[in-house]
Amino acid sequence: MKKYRFSKNNLNLSTVILIVIFTCSLITFLVLAITLHMRWEFFAFLFAFATSSFFFLKRLFPGAFAVGEEAFYYKEKPYPYSEYIIECDAKLIRSTGASRALSYYRIVIINRDTRAEKLIRVYNATRRYNDGEKHLQEEMEELRDQINQYQV
C-alpha cells in the first residue's frame, strides 16, 4: 500500500509564515484582551478571527491518501473498490474569473448504491522554484494510475 501526503508539497515558506503570523496575532490579541480588561465583543471578534484562520489553513492540508489492492483510504477511512467508484483528475483545475483562488486537483468518491458523491480538493499551493508544481503533478498522475489499475 502506497501513501500520498500532498501537504509536504504545499508546506512552503509562505505557508509557514502565514501560520506563524496567525498564531502570533492570536496570542497578542489574547494577551491584550486579558491585560486591558476588554469587553465580550472583543472576545467574539477574536473567536471569529481564530475560527476563520483555522478553516482557511485547513484547506492546505487535505490529509493522507493511501491506495491498496482492495480499498482507497482517505484520512484512515477505507473506501472499498466494490462499494465505491474513485475518480482522480490529474489535470490542474484553475479558477476562472476575477478571484485569485487556489488551483486544485479533484478526487471524487462515488457510492455505487446511492450515487452520493464526495469531492476532495487537493489544493496546489506549491511554488515554481525547485519544480514543486512538477512534483505534485507527477504524484497526482501516479495516484490516478494506481487507482485505475486496482479499480479495474
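How many helices and strands are there in the chain? Four helices and seven strands. This is a predicted model. Keep that in mind at each stop.

**Whole chain**

Show the whole chain as a cartoon. Starting at the N terminus, the elements run β-α-α-α-β-β-β-β-β-β-α. Now colour by burial. Of the 152 residues in the chain, 35% are buried. Switch on the surface. The chain exposes about 10000 Å². Carbon and sulfur atoms supply 59% of that exposed area. If you draw a contact map, look off the diagonal. Among contacts with a separation of 6 or more, 55% join residues 24 or more positions apart.

**Strand β2 and its two partners**

Select residues 64-67. This is strand β2, and both of its faces are covered. Ala-64 and Ala-66 sit on one side, and both are buried. Phe-65 and Val-67 sit on the other, and they are buried as well.

Add residues 2-5, which form strand β1. β1 and β2 run antiparallel, joined by four bridges. Pick Tyr-4. Its bridge partner in β2 is Phe-65.

Next add residues 71-74, strand β3. β3 also pairs with β2: three bridges join them, and the two run antiparallel. Follow the backbone from one to the other. β2 and β3 form a hairpin, with three residues between them. Centre on Phe-65 again. Opposite Phe-65 in β3 stands Tyr-74. So what does Phe-65 face on each side? Tyr-4 is its bridge partner, and Tyr-74 stands opposite it in β3.

**The largest nonpolar core**

Stay on Phe-65 and widen the view. Phe-65 belongs to the largest nonpolar core, a set of 20 residues. Select Phe-65, Phe-72, Ile-86, Ile-107 and Leu-143 together; these have the most contacts inside the core. Which elements supply at least two residues each? They are β2, β3, β5, β6, β7 (117-123) and α4 (132-151). Highlight α4. The largest share of the core, four residues, comes from α4.

**Salt bridges**

Switch to charged side chains. The structure holds two salt bridges.

Select Asp-89 and Arg-106. Their side chains meet in a salt bridge, 2.6 Å from N to O. Asp-89 lies in the loop between β5 (84-88) and β6 (104-111), whereas Arg-106 is in strand β6, so the pair ties together parts that are 17 residues apart in sequence. Check the accessibility of each. Asp-89 counts as partly exposed at 25% relative accessibility. Arg-106 is partly exposed too, with a relative accessible area of 32%.

Move to Arg-144 and Asp-145. Here the side chains meet in a salt bridge of 3.5 Å, N to O. Arg-144 has 28% relative accessibility and counts as partly exposed. Asp-145, at 42%, counts as partly exposed.

**Cysteines**

Last stop: show the sulfur atoms. How many disulfides does the structure hold? Zero. A disulfide is a covalent bond between the sulfur atoms of two cysteines. Select Cys-24 and then Cys-88. Which is buried and which is partly exposed? Cys-24 is partly exposed, with a relative accessible area of 42%. Cys-88 is at 10% relative accessibility and counts as buried, because the cut-off for buried is under 20%.

Terms used: Residues are numbered from 1 along each chain as its sequence is written. This is a predicted model: local features need pLDDT of at least 70, side-chain atom pairs count only at pLDDT 80 or more; totals for chains, interfaces and linings use all residues. Side-chain values use heavy atoms; hydrogens and water are left out. Buried means under 20% relative accessible area, exposed over 50%, partly exposed in between (1.4 Å probe, protein chains only). Two strands pair if DSSP finds at least two bridges between them. Contact means heavy atoms within 4.5 Å. Accessible areas come from the Shrake-Rupley method with a 1.4 Å probe; for residues, only the protein chains shown count as cover. A disulfide is a pair of cysteine sulfur atoms within 2.5 Å. A salt bridge is a side-chain nitrogen of Lys or Arg within 4 Å of a carboxyl oxygen of Asp or Glu. A nonpolar core is a set of buried Ala, Val, Leu, Ile, Met, Phe, Trp, Tyr and Cys residues joined through side-chain atoms within 4.5 Å.
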